[in-house]
Amino acid sequence: METWFVHKDSIVRKIWGRADTCLFIFAGAAAEFALNKAVDWLYFTGRLPADPLGRLFSTVAYARQIIFSEEAEALHAIDQITAIHRNVEKKRDAKIPDYAYRDVLFLLIAYSISAFELLDRKLSEKEKIEVFDVFYRVGARMQLEGLPFNYTEWEDMREEHLGQNLVRSGFTDDLYRQYKKHLGAIRYVILKQVQLQLVPAGIKKMLPIGKSAWLTPFLWLYKLLRRVKFEALLRNILLPPAYKIRVQQMNVVN
């Protein structure tokens, strides 16, 4: 009998089964990554600044492998993630701070919710709890310490983390330069506009993304195209050609 890490009718599968929602999740995540006090760990191997889009897609691949796999395979993928981080710690002869692990887990929860709500509809409290539960189980498998035990506790800890663990640094500005370099000027502007729609107010003030959010009317148009199944046409125009196929492969739900 098949046992899935995330059951087949879960809202989490609906969220992560749409390519555009995944891209919006990581637009928000890209903003917080750039502000995290432990972002130097992402620079240690040199892979993030060298290929931020490639790192995005590899992270997406791991997350989707967990969400859309049977439990044994999903647990194996989580163990691989843990092993990769342990290997980096060994090479640097230091330990990644516990809060850094929690921050990444927290932002995946937060932007899974906010990206879906921006592109689709408001989630019920029950659905938000379901999103939290999936990523809580990921964190528990990674043996992370200090995890919240329920969605309400997560909300409080999330606010605390946003206030304590984010800072603009030289890494922030360099990472945004890399985003611009690898996306190109037009796509870079769109990234910043999406981030203005997604990130909390306090984060907006810390980022080099401006204040003028003019994307809202275009989002309404995009959501209309979504309803008639033509959104892929616009999305493909905006994506770097090298990644179009990989993005198309993210679509597993209608």
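**View 1. Leu 119 and its long-range neighbour.** Leu 119 counts as buried, with a relative accessibility of 3%, and this residue of the predicted model belongs to helix H7. The close-up pairs Leu 119 with Arg 226, a residue 107 positions away along the chain, and the C-alpha atoms of the two are separated by 9.1 Å. Because buried residues are those under 20% relative accessible area, the value of 3% places Leu 119 in that class.

**View 2. Ala 31 in helix H2 and its distant partner in sequence, Leu 196.** Ala 31 is found in helix H2, which covers residues 19–35, and its relative accessible area of 0% makes Ala 31 a buried residue. Along the chain, Ala 31 and Leu 196 are 165 residues apart, whereas the distance between their C-alpha atoms is 9.7 Å.

**View 3. A salt-bridge network of Glu 117, Lys 122 and Lys 128.** Side chains of opposite charge can pair when their charged atoms come close. Glu 117 and Lys 122 form a salt bridge in which the closest N and O atoms lie 3.8 Å apart, and both residues are linked with Lys 128 in a network of salt bridges. The two ends of the Glu 117–Lys 122 bridge fall into separate accessibility classes, for Glu 117 is buried at 19% relative accessibility, while Lys 122, with a relative accessible area of 65%, is exposed. The value for Glu 117, 19%, is to be read against the limit for burial, which is set at under 20%. The count of salt bridges in the model comes to 10, and those shown in the next two views are among them.

**View 4. The Asp 133–Arg 137 salt bridge within helix H8.** The closest N and O atoms of Asp 133 and Arg 137 are 3.2 Å apart, and the two residues form a salt bridge. Both lie in helix H8 with a spacing of 4 residues, about one turn of the helix. Asp 133 counts as partly exposed at 34% relative accessibility, and Arg 137 is likewise partly exposed, with a relative accessible area of 27%. Helix H8, which spans residues 125–141, has the highest mean pLDDT among the elements of the protein chain, at 97.

**View 5. The Asp 174–Arg 177 salt bridge within helix H10.** The side chains of Asp 174 and Arg 177 meet in a salt bridge with an N to O distance of 3.6 Å. Because they are 3 residues apart in helix H10 (residues 170–183), about one helical turn separates Asp 174 from Arg 177. Asp 174 is buried, its relative accessible area being 19%.

**View 6. A negative surface patch with its largest share from helix H9.** Glu 125, Glu 155, Asp 156, Glu 159 and Glu 160 form a negative patch on the surface. Helix H9, made up of residues 151–164, contributes 4 residues, the largest share of the patch. One of the residues of helix H9 is Asp 156, which counts as exposed at 55% relative accessibility.

**View 7. A nonpolar surface patch of Val 189, Trp 214 and Phe 218.** Together these three side chains have about 290 Å² of accessible area. Trp 214 is placed in the loop between helix H12 (201–204) and helix H13 (216–227), and at 40% relative accessibility Trp 214 counts as partly exposed.

**View 8. Two loop residues with positive phi, Asp 93 and Gln 143.** Asp 93 is not a glycine, yet its phi is positive, at about 55°; this residue lies in the loop that runs between helix H6 (71–92) and helix H7 (98–119). With a relative accessible area of 70%, Asp 93 is exposed. Gln 143, also a residue other than glycine, has a positive phi near 60° and takes its place in the loop between H8 and H9, where it counts as exposed at 67% relative accessibility.

**View 9. Confidence along the predicted chain.** The average pLDDT of the protein chain is 86, and 87% of the residues score at least 70. Among the elements, helix H14 (residues 231–238) has the lowest mean pLDDT, 63, in contrast to helix H8 with its mean of 97.

Conventions. Residues numbered from 1 in each chain as written. Predicted model: local features only at pLDDT ≥ 70, side-chain atom pairs only at ≥ 80, totals over all residues. Heavy atoms only, no water. Patch = residues over 30% accessible without salt bridge, like charges linked within 9 Å, V, L, I, M, F, W, Y side chains within 5 Å. Areas by Shrake-Rupley, 256 points an atom, 1.4 Å probe, with all protein chains shown as cover. Salt bridge = Lys/Arg side-chain N within 4 Å of Asp/Glu carboxyl O. Lys, Arg positive; Asp, Glu negative; His and termini not counted. Charge placed at Lys NZ, Arg CZ, Asp CG, Glu CD. Helix = DSSP H or I, 4+ residues; strand = E, 2+ residues; numbered from the N terminus. Buried < 20%, exposed > 50% of the residue type's maximum accessible area, 1.4 Å probe, protein only. pLDDT = per-residue confidence, 0-100.
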